[in-house]
Amino acid sequence: MARTKKTPVVEQTTDKKEKLEKEVDRLKNLLSAAFDIMQKRDDELDSKLLQIDELEKEKRIAMLEVAEKTTHIDFLVGKWMKESMRKKYGKR
């Protein structure tokens with residue numbers, strides 16, 4: 001009966017260790033890439049939130065300007081109506 005040559009136990013454990021180290025490195029690289037993608041998306045989201053905040057501020061300012069102008073127009077219309085009533089019905 002012919003004996004097959006077996007690799008020594010030390011070589012087997014060294015091979016397993018190398019394979020595990022390669023797998024750990026691969027997983028570390030994947031984790032690093034995933035973290036980079038998440039960081040990029042987080043930065044994009046922060047940028048968009050800042051843009052939304054700026055647009056909200058501009059919207060509030062525009063609404064205040066419209067309110068001021070509307071109030072002024074209402075005042076002018078009221079003044080005009082008062083004067084026209086005085087002309088129509090005489091001064092009181």
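Buried here means under 20% relative accessible area, exposed means over 50%, and partly exposed covers what lies in between, with a 1.4 Å probe and protein chains only. By that yardstick, Trp80 counts as exposed because its relative accessibility is 57%.

Some ground rules will help. This is a predicted model, in which local features need pLDDT of at least 70 and side-chain atom pairs count only at pLDDT 80 or more, while totals for chains, interfaces and linings use all residues. Residues are numbered from 1 along each chain as its sequence is written, and side-chain values use heavy atoms, with hydrogens and water left out.

**Overall picture**

The protein has 1 helix and 0 strands; these are DSSP runs numbered from the N terminus, H or I of at least four residues for helices and E of at least two for strands. Helix 1 covers residues 9-89, and Trp80 is found in it. Of the 92 residues in the protein, 0% are buried. About 9,700 Å² is exposed, and carbon and sulfur atoms supply 61% of that area; accessible areas come from the Shrake-Rupley method with a 1.4 Å probe, and for residues only the protein chains shown count as cover.

**Surface patches**

Patches are made of residues with over 30% relative accessible area and no salt bridge, joining like charges within 9 Å and nonpolar side chains (Val, Leu, Ile, Met, Phe, Trp, Tyr) within 5 Å. Trp80 joins Ile73, Val77 and Met81 in a nonpolar patch of about 430 Å².

A negative patch is formed by Glu11, Asp15, Glu18, Glu21 and Asp25. For charges, Asp and Glu count as negative and Lys and Arg as positive, leaving out His and the chain ends; each charge is placed at CG of Asp, CD of Glu, NZ of Lys or CZ of Arg. Asp25 lies in helix 1 and, at 44% relative accessibility, counts as partly exposed.

**Salt bridges**

A salt bridge is a side-chain nitrogen of Lys or Arg within 4 Å of a carboxyl oxygen of Asp or Glu. The count comes to 2 salt bridges.

| Salt bridge | Closest N and O atoms |
|---|---|
| Glu23 with Arg26 | 2.7 Å apart |
| Glu54 with Lys57 | 3.9 Å apart |

How far apart in helix 1 are Glu23 and Arg26? They lie 3 residues apart, about one turn of the helix. Glu54 and Lys57 are separated by about one helical turn because they are 3 residues apart in helix 1.

Glu23 is partly exposed at 34% relative accessible area, and Arg26 is partly exposed at 41%. Glu54 has 43% relative accessibility, so it counts as partly exposed; Lys57, with 45%, is partly exposed too.
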